[in-house]
Amino acid sequence: MPKITSIKGRLLYNSRGSKTIEVDIVSDKSHLGRVCAPSGASVGKYEAVSFPDNNPEKSLVALNSNLKKFIGLDPSNLKSIHDTIRKIDSSTSYSKIGGSVAFAVTIAAVDSAAKALGIPLFKLLTKDTDLRFPFPLGNILGGGAHAGPGTPDIQEILICAKGSKTVNDAIEVNFAVHKELRKILQKNDPGFTNGRGDEGGWAPKLDNQKALELSAKACENLGYTLGKEVSLGVDFASSTQWSEKKKKYVYDREGFENTPEEQIEFVSEIIKKYKLVYAEDAVHEEAFEEMAILTSKFPKVLITGDDLVVTNTEILKKAAKLKACNAAILKVNQSGSLYDALEFAKEAHKNKIRLITSHRSGEAIDSHITHIGIATKSKMLKVGVVGGERVAKLNELLRITEYDLIHGMAEI
Ligand code: PGA
Ligand code: ZN
């Protein structure tokens, strides 16, 4: 059984250039687990807080004063690592130590343990042998909180090569669509500079409908039929538009407002017109009933909760009871520790809610979430298409194909 022999935290930067925390855990003096915490721009109300008072330095101070508590623990025993963090910070949102520390310490521990045991991380995280590769789901066009003025109000238009039989093909198709879309945007947006949003999707000056139309055209130009070889998805990130005061969704950039009923109509039209396979946060984060209407209306579409469930097991139970979604985003740093996130995954499976393991818009070049996506039997891995910190996760998926322990692609 490996033992933690050292642990160290440091401050460095994520892909947006914002300060974050990285943790090194070494087991048996030789096996390094290193994890850098990501962060979001469209953050759910009930997520774990990243840092106490939004200050990464305070997280580092809190970690440094508790380092000794981790020495000698078995890094493969995720529960004991989690419990040790919980003894330091028992607040529901990790407000004392910061969710980023809970994230980095728990993942660095299992990363170090996997190395000490000489097995891939995903094998350490699950005993299940019936594993499949998740489909890469990638951002091809970005707006909302991820891109500047003039871009679409909706946050992300996504591509998924759902007809692909191999990881390599699925990744290549996503690259091809992303590239083709650039050519189309150069013709259709005179001000287009090849600029990209935080997650690598193009950021043109277009309204929502035009952005969707051109994304569909990119697929068709390559000879694909929407809903067959490829499908589009949308992360509406609707809490960004929701005005609690007006009780309306305010689409500032395009200049219209939707009542909750009109929002359901707006989303439904987009799902039907573009044959979406995936619709995330189509209504705001507390609109469980409206989400339930969409879930019953579109049983074949992944009606997905991100800000709605924030990788929180108790909120997921409520969503399951109300049939508010048939799929949920799993972002480890929303729940805090990896242990919390794996408990969330168990609850999702119990309720037949499909999982989509996801990156954040502010990322590191780490690729642990690729293993977490496989171990949690996620249907999709939402990690972007281009950008070093996005491609790192896709490349890890390709490395994992060498293990021969996974039996083909997931079924969506
Ligand atoms: P975030 O966005 O990481 O900026 O919160 C990603 C998403 O909403 O899926
Ligand atoms: Zn989202």
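Which residue in β2 stands opposite Lys8? The first legend below gives the partner. The model shown in every view is predicted.

**View 1. The β1-β2-β3 sheet is open and antiparallel.**
Lys8 stands opposite Asp24 in β2. That pair belongs to β1 and strand β2 (residues 19-27), which run antiparallel and are joined by 9 bridges. The sheet has 3 strands, in the order β1-β2-β3. Its edges are β1 (4-13) and β3 (31-36). Each edge strand has a single partner, so one side of each is left without a neighbour in the sheet. On average, neighbouring strands are turned by 15° against each other, direction ignored.

**View 2. Helices α1 and α3 lie across strands of the β1-β2-β3 sheet.**
Helix α1 (residues 56-64) lies across β1 and β2. Its direction is at about 170° to β1. Helix α3 lies across β1, β2 and β3, and runs at about 150° to β3.

**View 3. Helix α3 is largely enclosed by the rest of the structure.**
The helix covers residues 99-117. Of its 19 residues, 16 are buried, so the rest of the structure largely encloses α3. Is the span of α3 what 1.5 Å a residue predicts, or what else do its end C-alpha atoms show? At that rise the 19 residues should span 27 Å, and the end C-alpha atoms are 27 Å apart, which agrees. Gly118 follows α3, with a positive phi near 70°.

**View 4. Tyr94 and Asp404 both have positive phi.**
Most residues other than glycine have a negative phi. Tyr94 has a positive value, near 55°. Tyr94 sits in the loop between α2 (78-88) and α3. Asp404 also has a positive phi, near 65°. Asp404 is placed in the segment after α13 (388-400). Is each residue buried or exposed? Tyr94 is buried, because its relative accessible area of 0% falls under the 20% limit. Asp404 counts as exposed, because its 70% relative accessibility is over 50%.

**View 5. Three acidic residues hold the zinc ion (ligand 2) as its protein donors.**The donors are Asp235 (OD), Glu280 (OE) and Asp306 (OD), at 2.0 to 2.2 Å from the ion. Their spacing in sequence is D-x44-E-x25-D. Asp235 lies in strand β6 (residues 231-235), and Glu280 lies in strand β10 (residues 278-280). These two are 45 residues apart, and the pair links distant parts of the chain. Asp235 is buried, with a relative accessible area of 1%. Glu280 is buried too, at 0%.

**View 6. The β7-β8-β9 sheet is open, with antiparallel pairing.**
This sheet has 3 strands. The edge strands β7 (242-243) and β9 (256-258) each pair on one side only. Between β7 and strand β8 (residues 248-251) there are 2 bridges, in the antiparallel sense. Which residue in β8 is the bridge partner of Ser243? The partner is Lys248. Helix α7 (residues 260-273) lies across β7, β8 and β9. Its direction is at about 105° to β9.

**View 7. The buried residues of helix α8 pack against α7, β11 and α9.**
Helix α8 spans residues 288-297. Its buried residues are Phe288, Glu290, Met291, Ala292, Leu294 and Thr295. The elements they pack against include β11 (302-305) and α9 (313-321).

**View 8. Strand β4 is mostly covered and pairs with β14 and β5.**
In β4 (residues 135-142), 8 of the 8 residues are buried. Strand β14 (residues 380-382) runs parallel to β4, with 3 bridges between them. Here Pro136 stands opposite Leu381. Strand β5 (residues 156-160) runs antiparallel to β4, and 5 bridges join the two. Leu137 has Cys160 in β5 as its bridge partner.

**View 9. The protein is divided into two parts, domain 1 and domain 2.**
Domain 1 covers 4-118, and domain 2 covers 135-403. Their C-alpha centres lie 27 Å apart. How many residues of domain 1 are in contact with domain 2? The count is 28 residues of domain 1, in contact with 30 residues of domain 2.

Key
Residues are numbered from 1 along each chain as its sequence is written. Chains are lettered from A and ligands numbered from 1 in the order in which they are written. This is a predicted model: local features need pLDDT of at least 70, side-chain atom pairs count only at pLDDT 80 or more; totals for chains, interfaces and linings use all residues. Side-chain values use heavy atoms; hydrogens and water are left out. Donors are N, O and S atoms within 2.8 Å of the metal (3.2 Å for Na, K and Ca); water is not among the atoms, so sites may look incomplete. Helices (H or I, at least four residues) and strands (E, at least two) are DSSP runs, numbered from the N terminus. Buried means under 20% relative accessible area, exposed over 50%, partly exposed in between (1.4 Å probe, protein chains only). Two strands pair if DSSP finds at least two bridges between them. Contact means heavy atoms within 4.5 Å. Axes are lines fitted to C-alpha atoms, for helices over the stretch in contact, and angles run from 0 to 180 degrees between N-to-C directions. The expected span of a helix is 1.5 Å times one less than its number of residues. Domain bounds come from an automatic or database domain assignment.
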